[in-house]
Amino acid sequence: MSDLDTARDLAGGALASLEVSRQRIDDLNVYPVPDGDTGTNLALTTRGIVDALDAITASDRPTLVREATRSALMSARGNSGVILSQIVRGAAEVLGEAETIDSTAVAHAFRGASDEAYRAVRKPVEGTMLTVIRELADAAEESAGPEVEPAELLKGLVERGEEAVARTPQQLEVLREAGVVDAGAAGLVELVRGLAATVSGEPLAEPPEREEPALEAIHLEPSRYRYCTTFVVEGDGLDSQALETELDRMGDSLLIVGDPEALKVHVHTDDPGAALSLGTSVGTIEGVEIADMHRQTEQREQRLLSALPGGASRAGVVAVVAGGGNRRLFESLGAEKVIEGGQTMNPSTADLLEAVDALAADEVVLLPNNKNVVMAAEQASRVAGKPVHVVPTESIPAGLAALVAFNGERSAEENAAAMREAAQQVTTGEVTVASRDASVDGIPVRAGNYLALLDGKAVATGPGFDEVTRSLLERLLAEPHDVLTVLKGEGAPPLNGFLDELARTHPDLELDVHEGGQPHYPLLLSAE
């Protein structure tokens, strides 16, 4: 087996383990702020590494190290993801130089990972994933030796890691008060669990059982700052210290990692536009992610309350969604069942019925999120064995707006009424690529050109993404709005200029940017 195959297997094993425990880890999160998405952030960061390794053919170690470290940096999400990217960097650089990958080399890799992680954090706090990576390094160095195989070492590290995670409430007061362990630390151990299973060739061991949350872990004060903002700055001779000094004045939870050619920035702030402007002043920005942590905290609270005895939801939500990022977004907002589908891949009535029947809730709200799915959804509602109410959303942005109004304690009928009203309050925008020459709403469109739709009606077309998107944004924001949600599609061109421009021209507009991953539509927008 080549080094490339080995690296792919290890990354895939780590991702599989994280995915199994992603929701459990999301629900643990209370530190450094209750943003409720640590499991998702760790999984998405690891997914970036998996995708990068799948895309290359070179198998020499220097190339593998470079691809693994860069992909971890570029895909890092949130505090936990940025720290994980540095753990990957430290471990990969050590393994890249090792003549033989034995247990001693693995122990050195854990030490390199620990050292790099601590260097990345300006004010390290014990009782977090930093503590656990350091204790894993200590344990690895104690146990490694000629007679110990890497598989045996990693198995032992999983046990030591679980013990270290269990101690985190003793080291951090906020964890002790909430009655939970550190989410990042728990995620790190799941990653190691995946590595151990891959190296040993054994099935992935079951993670710890998901426990019912204590009330103290559910009702949390929101972060002082509202927006978790991450982006990458690329340029020449980037000065991380200078950038850090400026960003430090804007918020907290600041992390800047990377090298003079590429820096990953993570900051919690009330002014993400100003943070992005700082990035564009020194280089080119990409990979922008802006998440409303206050909204995440409210959603997490509602989700966890439903898990308590007597707190089961009366109604549940089935949504039809295209794109991995959009799927995770709908799940985080409370959709219990998400069906892959949309433009060119419409689910059948039978598919929708199967999803409805799979829900434990007595009643269901169905979000088709595409005009071609509405009829099948309505047919499913007529033949289902439980009450099903269709909110006839015709786009993913409209579905998201509707889902924000969902309350599991209300009936499906009450929810459907509130969700219809919420969807009607949103103005939606879409940028797609024309598949053939046509006249759409009186506008001649050429095959291969971009086409902009405002609330489903064609408003602009042309060969350039920038000009078409700018025209759409002008119309979309002609009336005052408070929030603009941006969903980047599969293969979407960079949005750096637009985001920076919006921050300047609409300083009071809240931006909520996500990697939606939807096919056929490079950009989906909603303004409310």
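Student: In this predicted model, is Glu-363 buried or exposed?

Tutor: The residue belongs to strand S7, which spans residues 363-367. Its relative accessible area is 17%, and the cut-off for a buried residue is under 20%. Glu-363 is therefore classed as buried.

Student: Which residue has its backbone nitrogen 2.8 Å from a polar atom of the side chain of Glu-363?

Tutor: The contact runs from the side chain of Glu-363 to a backbone nitrogen, with a separation of 2.8 Å, and a polar contact requires a pair of N or O atoms within 3.5 Å. The residue that supplies the backbone nitrogen is Ala-412.

Student: Where does Glu-147 lie, and is this residue buried or exposed?

Tutor: Glu-147 sits in the loop that runs between helix H6 (129-143) and helix H7 (150-171). On the surface, a patch of negative charge includes Glu-147 along with Asp-102, Glu-149 and Glu-152. With a relative accessible area of 62%, and with exposed meaning over 50%, Glu-147 is exposed.

Student: What distance separates the C-alpha atoms of Ala-164 and Arg-66?

Tutor: Ala-164 is part of helix H7 and is buried, its relative accessible area being 1%. Along the chain, Ala-164 and Arg-66 are 98 residues apart, and the distance between their C-alpha atoms is 31 Å.

Student: How many of the nine residues of helix H17 are buried, and which residue caps the N-terminal end of this helix?

Tutor: Helix H17 covers residues 396-404 and is mostly covered, with eight of its nine residues buried. Among the buried residues are Ile-396, Pro-397, Leu-400 and Leu-403. At the N-terminal end, a side-chain oxygen lies 3.2 Å from the backbone nitrogen of Ala-398, and the capping residue that provides this oxygen is Ser-395.

Student: Which residue forms a salt bridge with Asp-3, and how many residues apart are the two?

Tutor: The count of salt bridges in the model comes to 22. In one of them Asp-3 is paired with Arg-61, the closest N and O atoms being 3.0 Å apart. This pair links distant parts of the chain, since Asp-3 is in helix H1 (residues 3-28) and Arg-61 in helix H3 (residues 61-75), and the separation is 58 residues. Both partners are partly exposed, Asp-3 at 32% and Arg-61 at 22%, so the answer is Arg-61, 58 residues apart.

Student: Why are Glu-93 and Arg-89 separated by about one helical turn?

Tutor: The two residues form a salt bridge whose closest N and O atoms are 3.6 Å apart, although Glu-93 is partly exposed at 35% while Arg-89 counts as buried at 13%. An α-helix has 3.6 residues a turn, so residues three or four places apart point the same way. Glu-93 and Arg-89 are separated by about one turn because they are four residues apart in helix H4 (residues 78-97).

Student: Which residue meets Arg-193 in a salt bridge, and is that partner buried or exposed?

Tutor: The partners both lie in helix H9 (residues 183-200), three residues apart, about one turn of the helix. The N to O distance in the salt bridge is 2.9 Å. Arg-193 is buried, with a relative accessible area of 7%, and the partner, with a relative accessible area of 2%, is the buried Glu-190.

Student: Which residues are joined into one network by salt bridges that share partners?

Tutor: A salt bridge needs a side-chain nitrogen of Lys or Arg within 4 Å of a carboxyl oxygen of Asp or Glu. Where such bridges share partners, they join into one network the residues Glu-19, Arg-22, Arg-327 and Glu-331.

Terms used: Residues are numbered from 1 along each chain as its sequence is written. This is a predicted model: local features need pLDDT of at least 70, side-chain atom pairs count only at pLDDT 80 or more; totals for chains, interfaces and linings use all residues. Side-chain values use heavy atoms; hydrogens and water are left out. Patches are made of residues with over 30% relative accessible area and no salt bridge: like charges are joined within 9 Å, nonpolar side chains (Val, Leu, Ile, Met, Phe, Trp, Tyr) within 5 Å. Accessible areas come from the Shrake-Rupley method with a 1.4 Å probe; for residues, only the protein chains shown count as cover. Lys and Arg count as positive and Asp and Glu as negative; His and the chain ends are not counted. The place of a charge is taken as NZ of Lys, CZ of Arg, CG of Asp or CD of Glu. Buried means under 20% relative accessible area, exposed over 50%, partly exposed in between (1.4 Å probe, protein chains only). A polar contact is a pair of N or O atoms within 3.5 Å; within protein, one must be able to donate a hydrogen and the other to accept it, and residues adjacent in sequence count only if both atoms are side-chain atoms.
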